[in-house]
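User: Please examine the structure shown below and explain its main features to a first-year student.

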Amino acid sequence: ALAAQRAAVVATDGAVYSEVPNGQLMIEQCALWDLIYEHLSYFVPTSLELACTRAGLEVAKIGAGFGEQFLWCAAGPGDARPDAMPDPAEVDAAVGAARAFGAAATRRVADAREELAGLVAAGPVALWGAGSKGMTYLNLVADVAPVAGVVDINPRKSGWGVPGTPLVISGPEVMVDVQPKTVLVANPVYIAEIAAQLSSLGVSADVRPLWG
């Protein structure tokens with residue numbers, strides 16, 4: 001795909017902008033809710049730059065955005081260097097973090113299951129965000145205690161089931177009836193926005209992320 005992007009801009013000396021999920025954030029913060037089958041590869045800055053270089057792109061800048069959840073790379077056409085190699089120290093650091101991810105993820109699931117059980121014991125719990133993060137979370141932990149509702153602002157999702165669970169997705173208005181004590185937000189970027197929407201519905205709840 002990167003080589004195709006280079007071919008598309010090389011004649012015009014154009015630029016290529018690429019954006020991918022931030023694998024470094026995932027392994028450093030153990031954000032296992034972001035592991036989904038549609039993503040065949042996960043990149044850290046070192047591997048993204050190497051992939052671009054090997055495809056014949058001259059990397060101008062690499063950064064992270066949207067709450068550090070995505071890596072982005074700005075590049076232009078350059079000479080392909082299929083044998084380019086990264087800094088060994090950076091590779092060792094990334095590999096070491098990836099190897100530690102499995103054990104950390106196991107602990108994260110156990111902690112999340114214990115936390116959800118405790119939250120439900122204190123009052124109704126709803127999850128806001130029926131995307132990949134929310135789906136993964138619910139499949140890993142929701143069997144330990146009943147979740148009172150799953151909400152998404154996308155009207156096309158309303159009334160559809162959550163794969164792997166008996167839960168059904170609803171629109172935000174269902175929160176008026178549920179009156180949750182806790183609302184778990186699948187993507188922490190939207191916490192303030194969701195808290196404001198709940199307030200406009202007359203719902204007072206503790207709004208918090210799935211982790212952190």
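User: In E6, which residue is the bridge partner of Val151?

Analyst: This is a predicted model, in which local features need pLDDT of at least 70, side-chain atom pairs count only at pLDDT 80 or more, and totals for chains, interfaces and linings use all residues. Residues are numbered from 1 along each chain as its sequence is written, and side-chain values use heavy atoms, leaving out hydrogens and water. Strands (E, at least two residues) and helices (H or I, at least four) are DSSP runs numbered from the N terminus, and two strands pair if DSSP finds at least two bridges between them. Strand E5 (residues 149–151) pairs with E6 in the parallel sense over 2 bridges, and the partner of Val151 in E6 is Ser170.

User: What is the order of the strands in the open sheet?

Analyst: The edge strands, E6 (169–170) and E8 (206–209), each pair on one side only. The sheet has 5 strands with parallel pairing, in the order E6-E5-E4-E7-E8.

User: Which element gives the most residues to the largest nonpolar core?

Analyst: A nonpolar core is a set of buried (under 20% relative accessible area, 1.4 Å probe, protein chains only) Ala, Val, Leu, Ile, Met, Phe, Trp, Tyr and Cys residues joined through side-chain atoms within 4.5 Å. The largest one has 31 residues. The elements that give two or more residues to this core are H4 (88–122), E4 (125–128) and H5 (132–141). With 8 residues, the element that gives the most is H4.

User: How many disulfides are found in the whole structure?

Analyst: A disulfide is a pair of cysteine sulfur atoms within 2.5 Å. The sulfur of Cys52 is 3.8 Å from its closest cysteine sulfur, in Cys73, and therefore too far for a bond. The number of disulfides found is 0.

How values were computed. Buried means under 20% relative accessible area, exposed over 50%, partly exposed in between (1.4 Å probe, protein chains only).
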